[in-house]
Amino acid sequence: MSQTWFAWALILPAILFIAIIVAWPLVETVRLSFTNAKINSESYVGFENYAKLMESRKFQQTIIRTFYWMILSVSIKLLLGLIGAALLNATVPGKALFRVLVMPPWVIPIAIGMIGWLWLYNGHFGILSGAAQFIGILDGPFEFLAYKSSAFYSAIVADVWVGTPMVTLFLLAAMQGVSKDLYEAAWVDGASRWYRFRRITIPQIMPVMVSMALLSAIWTFNSFEIIWILTEGGPRGATTTLIVDTYKVAIGNFKFGQGAARAVVIVILLAAFSGVYLFFLEKVNRRYGTK
Amino acid sequence: MATLDLENISKSFGPAQVLHNIELAIEDKEFVVFVGPSGCGKSTLLRIIAGLEEATEGRVIIDGDDVSGEPPVERGISMVFQSYALYPHLTVYENIAFPLRVQRMPKSELDARVREAAEILQLSDRLPHKPGQLSGGQRQRVAIGRSIVRNPKVFLFDEPLSNLDAALRGGMRVELSRLHRELDATMVYVTHDQVEAMTMADRIVVLNDGRVEQFGSPMELYHHPATKFVAGFIGQPNMNFVPGEIASIDGDTVRIKLDGGGEMNVPVEQGDTAAGERVEVGMRPEDITTGEGFEMNIEVLERLGGTAITYGKLNDGQSFCAALEGSVAAREGQIIKLAIAPEDCHVFRRDGRVMRRKSAPPVFDPEKLSQKGS
């Protein structure tokens, strides 16, 4: 009996910690989503917040935009990460230096990195606009973040810049885990470099790549500060993803109830997405795993 | 199938030279084993034959063609790796089929070849499984299967049995010998295990420090080791070396005065030796019998059934080992009287070279090679 008591006492701090940090905010968010809470008043409104979201075309567009943002950005990160890892994995002189040079976008605080990108994208002083004018692509200054479509893709580029190093390093680590003997055996059998990459490297790193894609997808989905610093979700909502929208409603307009409803929708969407994803992960593991 | 000639192969990694002017001529259908302690360069030599490593100097000639600059696949070799190097994400079938897929072989022919290889290696019922589900011995066979589907001219094996437990290793030795007979192929096999070398090889290359110490049949190496190194490496338990000095040369024999006392007349070729030269007398433990020769204080006695291996010290403190009859009346702590026939002794000069024994069992059996040709 006293042993049970002691065991509970030992895990109590952890339980309290999780309750305060995770459970309480979660429960509170769900509760708020059924109210019209503002700064100093709140009353129960049932499903009204959710009903509003369902009817809103703007909100549907935001969901679509968010998934488009996520899928495009993650695909580019994975592709660049794969190419980068393959290059860093090759036996070239000075590869240690290259490996270090991959890190800065990830190491630099995002806010500082984004201010750098703000200057790059600046129409009058930015190097991108300037260079494009110099080689004759543009006739005059171009403000990358001022137009709906260019702002969205410019934000994607900045997001890719931040997210690619980690994907690269994870894939590089996975590649280095592949036994050298496999490549030698394939070489003895006459497999070309490309064939070895396709038939050995890719399948061998596939489980890591798939897990990495899920992590990267969640981070990209929830990526806030990059968009906020660059465009604050504009112009005219062109870069407003779900997380930015939630912030604008809840913190910008003090509509905590509606903001909470959005947050709950995000949780549900991400959970559903992860569920589908894990289903495919299982399939990938069966195909490329060792069992 | 194919002959394999190595001409003056040298290899350096930076300032360290690991192979020194290796010259070998390996016959068609021969099973040749490279053996030596770790770091002797045997694996490097194999990798040079395979084309995985480039020789600093010298030529690799397969079936009369100089393949030195060729990539591995152009050399007509296949290789089985120590780690097996199976593709863990592919089934046994796809692992064996891999080299044929690389060649883009038509499906029906590929299927026939894979199934034939699986048949030879008793893997037919394992084809749909992945390597992770197989036992060590089965993985080994898959690796061999992958190497035989290509019908290579020369098979290369890099310590293929070293990851197996002792019992399985014995079984695989027999299987490999059987496979060699069935495939009728030239095989080069690297190992540090002298038992594997002795049991499987037609001829053995003993390598030491990047040099060929001796190239010959197992029995030639056993009865006529060219150097002290070979004598110490081949044979189990290891040969005893007893220091001494040439007292005189009497006609057919050399009279040796042992440091620990006693003299013996050993029938060996004298060459340019003279009285007074320091030598070492090599005595194989299994040539030693009980008798009125010299005394040993038994420290450890290992009874294996058929034989009893005794380890101990001679009167002058020299460590010694004798493999006696299994039923010998002896126990640890006892002093036992031993003897050896002088014609069974080997004599090594100071530089390690042997003075060739005059009377030893016939060693080279030309029948063995000619049978393979038929």
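Okay, quick definition before we start: two strands count as paired if DSSP finds at least two bridges between them. Keep that in mind, and remember that what we're looking at is a predicted model.

Let's use that definition right away, in chain B. Strand β11, residues 240-250, and strand β14, residues 278-283, pair in the antiparallel sense, over six bridges. If you want one spot to look at, find Phe241(B): it stands opposite Gly282(B) in β14(B). And Phe241(B) has company on its ring, too, since Lys228(B) lies over the face, 4.9 Å from the ring centre.

Now zoom out a little. Which sheet do those two strands belong to? It's an open sheet of six strands in chain B, in the order β13-β12-β11-β14-β19-β20, with antiparallel pairing. The edges are β13 (263-266) and β20 (354-355) of chain B; each has a single partner strand, so one side of each is left without a neighbour in the sheet. As a general reminder, strands of a sheet pair through backbone hydrogen bonds, either parallel or antiparallel.

Zoom out again, to chain B as a whole. You've got nine helices and 20 strands, and the C-alpha trace spans about 75 × 45 × 45 Å along its principal axes. Of the 374 residues in chain B, 51% are buried. The chain exposes about 16,000 Å², and carbon and sulfur atoms supply 47% of that. Then take the contacts in chain B between residues at least 6 apart in sequence: 65% of them join residues at least 24 apart.

On to the rings. How many aromatic pairs are there over all chains? The count comes to 26. One of them is Phe279(A) with Phe280(A), an edge-to-face pair at 5.6 Å centre to centre, with 75 degrees between the planes. Phe280(A) has 47% relative accessibility, so it counts as partly exposed.

Over in chain B, look at Tyr87(B) and Phe98(B). Their ring centres are 4.3 Å apart and the planes sit at 35 degrees, so that pair is tilted. The pair links distant parts of the chain: Tyr87(B) is in the loop between β6 (77-80) and α2 (92-102), while Phe98(B) is in helix α2 itself, eleven residues apart. Buried or exposed, those two, Tyr87(B) and Phe98(B)? Both are buried.

Back in chain A, ring pairs link Phe67(A), Phe221(A), Phe273(A) and Tyr277(A) into a cluster.

Last stop, another charge over a ring: the charged end of Arg284(B) sits over the ring of Tyr222(B), 4.2 Å from its centre. That's my tour, thanks!

Notes
Residues are numbered from 1 along each chain as its sequence is written. Chains are lettered from A and ligands numbered from 1 in the order in which they are written. This is a predicted model: local features need pLDDT of at least 70, side-chain atom pairs count only at pLDDT 80 or more; totals for chains, interfaces and linings use all residues. Side-chain values use heavy atoms; hydrogens and water are left out. Rings of Phe, Tyr and Trp (its six-membered ring) pair if their centres lie within 6.5 Å; planes under 30 degrees apart count as stacked, over 60 as edge-to-face and the rest as tilted. Buried means under 20% relative accessible area, exposed over 50%, partly exposed in between (1.4 Å probe, protein chains only). Helices (H or I, at least four residues) and strands (E, at least two) are DSSP runs, numbered from the N terminus. A charge sits over a ring if NZ of Lys or CZ of Arg is within 6 Å of the ring centre and within 35 degrees of the ring normal. Contact means heavy atoms within 4.5 Å. Accessible areas come from the Shrake-Rupley method with a 1.4 Å probe; for residues, only the protein chains shown count as cover.
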